[in-house]
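Trainee: Please take me closely through one part of this model, the surface around the first DNA strand. After that, please go on to whatever connects with it.

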2 protein chains.
Amino acid sequence: MSGDIEVRELRYFVAVAEELHFGRAAERLGMAQPPLSRSIRELERRLGVTLLERTTRRVTLTAAGRAFLRDARVALEAVTAAEQRARHAGRPEPGLRLAMKADYDAGLLPRILDAYHREDAAVPVDLLMGGRGEQAPALRAGLADVALLPAPFDDRDLDHEPLVTEPRLAALAAADPLAARPSLVLADLVGRVLPDGAAAHLADPQPLRGLGTAPQPRRLPTVPTGVAGPPPAGSQQRYRDLAQIFTLVELGAIVWFPPESVARRHPRSGIAYREVRDLGPSTLCVAWPRQLRSAAVAAFVRAAAAVAAPALKPVSALIPVSDSA
Amino acid sequence: MSGDIEVRELRYFVAVAEELHFGRAAERLGMAQPPLSRSIRELERRLGVTLLERTTRRVTLTAAGRAFLRDARVALEAVTAAEQRARHAGRPEPGLRLAMKADYDAGLLPRILDAYHREDAAVPVDLLMGGRGEQAPALRAGLADVALLPAPFDDRDLDHEPLVTEPRLAALAAADPLAARPSLVLADLVGRVLPDGAAAHLADPQPLRGLGTAPQPRRLPTVPTGVAGPPPAGSQQRYRDLAQIFTLVELGAIVWFPPESVARRHPRSGIAYREVRDLGPSTLCVAWPRQLRSAAVAAFVRAAAAVAAPALKPVSALIPVSDSA
DNA sequence: GCCATTCATACCACCAGGGTATGAGTCGGG
DNA sequence: CCCGACTCATACCCTGGTGGTATGAATGGC
């Protein structure tokens with residue numbers, strides 16, 4: 001009789017714990033409800049612990065269930081990361097997979113790659129261009145080996161090194177009355193649609209790094225691909241490519257806060273970039289999975305740090321987790 | 001047909017990768033060799049990657065295999081930690097499990113516990129007294145929630161906060177000629193048997209924290225329990241309890257480097273404690289699993305930091321990994 | 001009090017995973 | 001150079017775990 005917890009059981013439990021409904025969880029898992037119920041019960045029996053409190057009307061997590069949900073997610077991430085990294089390492093010439101969002105490199109990418117290729121441990125670099133907030137998960141999932149990304153980001157299981165800090169600007173429609181002013185403060189923008197949780201800057205203070213922060217919801221809002229028309233105002237829609245953002249900014253539908261280097265790279269007649277005096281700066285970081293200490297990654301981090309060194313300003317607080325990350 | 005990697009397969013692969021021999025690995029796993037061979041082959045097929053190069057005479061790891069071994073160990077650790085933490089969280093009154101080595105608290109434990117119990121989030125504390133080097137693994141395995149331990153230690157997947165730094169002394173047999181001197185330097189001790197990799201202080205500089213450090217062997221030397229007679233000189237024997245160490249020090253069999261607070265707590269006529277002018281100090285840390293951010297742990301860390309605050313000296317370099325950790 | 005909803009139980013069927021027997025390739029010794 | 005030992009792979013069988021279907025039982029709303 002069964003000793004070990006299996007990955008399958010972890011997936012089952014996570015599904016039920018997320019749905020809090022055996023029927024829906026079973027549907028999501030592509031199976032029938034009775035074997036799912038049985039699996040969970042068997043899991044509980046082996047753990048010697050009740051994870052879920054069930055009545056026929058309601059399913060709730062126990063304290064142990066909440067703890068197990070958190071740890072099960074971590075474990076599942078570790079398993080899939082192992083799988084992905086092995087797949088990549090098995091390729092004939094496994095390059096270094098660098099995850100970043102296009103243009104979010106503070107103009108350093110060419111010099112970093114140059115410096116990197118002069119390192120002894122250098123291997124070819126595969127660029128993985130992703131949307132905002134996809135870099136850190138890609139590292140965790142084993143899909144990338146190293147990333148360039150702006151802080152703050154969710155740095156669970158990641159190590160990082162700040163590279164450069166630069167101001168962020170507000171991108172406004174040129175026709176916007178605010179564009180007439182040479183500089184703004186955040187309060188000027190109250191009521192505007194701000195992308196990507198930037199609204200939090202106006203509302204709450206940033207969550208502090210450290211212990212005791214409540215666990216954050218991890219689910220990303222789903223991104224409808226190939227949408228037509230602007231999203232409803234006030235939605236926390238996430239924009240994957242700059243063209244889309246530019247269009248919406250030009251239309252006055254949103255305000256956007258790009259780092260200075262990104263703005264400088266995209267002058268555009270319909271868009272005005274303005275200083276925001278009380279908007280915190282953006283810090284570009286290099287990040288990598290904590291337990292991954294390959295020579296190729298180390299060389300990349302060295303190269304990036306060396307290139308950035310002259311411009312380095314220490315970042316006062318790297319916020320590890322935020323709802324919008 | 002193939003969906004997911006399973007924990008069983010990870011265990012199988014780790015066994016084979018460690019033994020580099022299917023027969024022995026099968027024996028270790030308590031199964032026959034053919035199904036083990038088949039499982040590994042099936043795992044490779046699903047990964048699309050060759051993990052092991054086999055001839056009938058020799059089994060070797062491929063590059064992908066080495067990467068997968070590292071990640072598989074991490075994943076297995078995560079699974080067992082999830083299991084253990086759930087078991088503990090399911091107990092009727094789950095206390096905070098504090099791992100430490102007896103006496104290695106720099107005299108702070110009573111005050112830390114006092115301060116902790118005044119915290120709102122405080123729960124009863126279960127003390128887990130372990131030998132040297134067992135604290136960090138206990139945190140990783142989900143057997144403890146928080147630990148007090150001296151740096152350096154293997155801090156993979158752990159967060160830590162330094163508490164106090166204090167000098168270490170040399171414990172010598174009172175009859176030792178060196179005991180006549182008021183203070184020593186490490187060079188005086190060349191050729192002595194030093195426990196727990198302290199010899200590294202004499203030989204190589206400490207490995208630097210950071211990337212690119214080669215992966216370290218993780219296997220602890222096995223500790224024969226209930227040994228009789230002193231171990232052979234030069235062995236990297238690990239000593240579990242102080243009584244054993246004292247006996248060996250008194251006999252002049254070893255030299256030992258306890259933190260000052262430990263020495264002060266154990267005055268003993270047969271043993272002389274002497275300053276070692278070039279021996280680095282010891283820093284007591286509080287450590288906890290990185291992803292575990294419970295209120296009880298946060299409260300404990302706060303309490304420990306508050307108690308230690310007056311005495312806090314920053315530690316210059318926490319060495320994350322060492323052979324002796 | 002009835003009915004809809006939802007989790008648990010009962011029972012069945014299939015195949016994944018483990019066992020045994022044996023083949024095949026490789027290295028070493030005579 | 002051939003033989004034999006060693007070790008991994010293949011062939012085949014069989015058990016039990018895992019999933020499906022049918023149905024019961026309990027809960028909460030109307």
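Mentor: By class, the surface near DNA strand C is made of nine nonpolar, nine polar and seven charged residues. This is a predicted model, and what follows is read from its atoms.

In total, 25 residues surround DNA strand C. The closest of them are A:Arg41, A:Arg54, B:Tyr12, B:Arg38 and B:Thr56. Of the atoms of DNA strand C that come within 4 Å of the protein, sugar and phosphate account for 64%.

Three polar contacts show how the protein meets the backbone of this strand. At A:Phe22, a polar backbone atom is 3.4 Å from a phosphate oxygen of DNA strand C. At A:Thr56, a backbone N or O atom lies 3.0 Å from a sugar or linking oxygen of DNA strand C. In chain B, B:Thr56 uses its side chain: a polar atom there lies 2.7 Å from a sugar or linking oxygen of DNA strand C.

The elements that give two or more residues to this surface come from both chains: α2 (22-29) and α3 (33-47) of chain A, and α1 (7-19) and α3 (33-47) of chain B. Among these, α3(A) gives the most to the surface near DNA strand C, with five residues.

The two chain A helices named here also pack on each other. The axes of α2(A) and α3(A) are 9 Å apart, and the angle between the helices is about 105 degrees. An angle from 65 to 115 degrees counts as roughly perpendicular, and α2(A) and α3(A) are therefore roughly perpendicular to each other. On the α2(A) side, the contact is made by A:Phe22, A:Gly23, A:Ala25, A:Ala26 and A:Leu29. On the α3(A) side, A:Gln33, A:Leu36, A:Ser37 and A:Ile40 take part. By class, the residues of this contact are six nonpolar and three polar, with no charged residue. A:Phe22 thus appears in two places, in the contact between the helices and in the polar contact with a phosphate oxygen of DNA strand C.

Next comes the other strand. Around DNA strand D there are 23 residues, of which A:Tyr12, A:Arg38, A:Thr56, B:Arg41 and B:Arg54 come nearest. Sugar or phosphate supplies 67% of the atoms of DNA strand D within 4 Å of the protein, and bases supply the rest. The surface near DNA strand D divides into eight nonpolar, nine polar and six charged residues. At least two residues of that surface come from each of α1 (7-19) and α3 of chain A and α2 (22-29) and α3 of chain B.

The polar contacts of DNA strand D include one to a base. An N or O atom in the side chain of A:Arg38 is 2.4 Å from a base nitrogen of DNA strand D. Two others go to phosphate: a backbone N or O atom of A:Ala32 lies 2.8 Å from a phosphate oxygen of DNA strand D, and a polar backbone atom of B:Gly23 is 3.3 Å from a phosphate oxygen of DNA strand D.

Further along chain A there are sheets. Five strands of chain A form an open sheet with mixed pairing, in the order β4-β3-β5-β10-β6. At its edges stand β4 (125-129) and β6 (158-166) of chain A, each with a single partner strand, so one side of each is left without a neighbour in the sheet. On average, neighbouring strands of this sheet are turned by 25 degrees against each other, direction ignored. The edge strand β4(A) runs parallel to β3 (residues 96-100) of chain A, and five bridges join them. In that pair, A:Leu96 has A:Val125 of β4(A) as its bridge partner. Helix α5 (residues 109-117) of chain A packs on the sheet and touches β3, β4, β5 (146-151) and β6 of chain A. The direction of α5(A) makes about 155 degrees with that of β4(A).

A three-stranded open sheet in chain A has the order β7-β9-β8, again with mixed pairing. Its edge strands, β7 (169-173) and β8 (183-184) of chain A, each pair on one side only. Two bridges join β8(A) to β9 (residues 271-276) of chain A in the parallel sense, with A:Ser183 opposite A:Glu275 in β9(A).

In chain B, β7 (residues 169-173) and β9 (residues 271-276) pair in the antiparallel sense over five bridges, and B:Leu172 stands opposite B:Ala272. Strand β8 (residues 183-184) of chain B pairs with β9(B) in the parallel sense over two bridges, where B:Ser183 stands opposite B:Glu275.

Methods:
Residues numbered from 1 in each chain as written. Chains lettered and ligands numbered in written order. Predicted model: local features only at pLDDT ≥ 70, side-chain atom pairs only at ≥ 80, totals over all residues. Heavy atoms only, no water. Near = heavy atom within 4 Å. Polar contact = N/O pair within 3.5 Å; in protein donor to acceptor, adjacent residues only side chain to side chain. Helix = DSSP H or I, 4+ residues; strand = E, 2+ residues; numbered from the N terminus. Nonpolar A, V, L, I, M, F, W, Y, C, P; charged D, E, K, R; others polar. Axes fitted to C-alpha atoms, helices over the stretch in contact; angles between N-to-C directions. Parallel < 35°, antiparallel > 145°, perpendicular 65-115°, else oblique. Contact = heavy atoms within 4.5 Å. Pairing = 2+ DSSP bridges.
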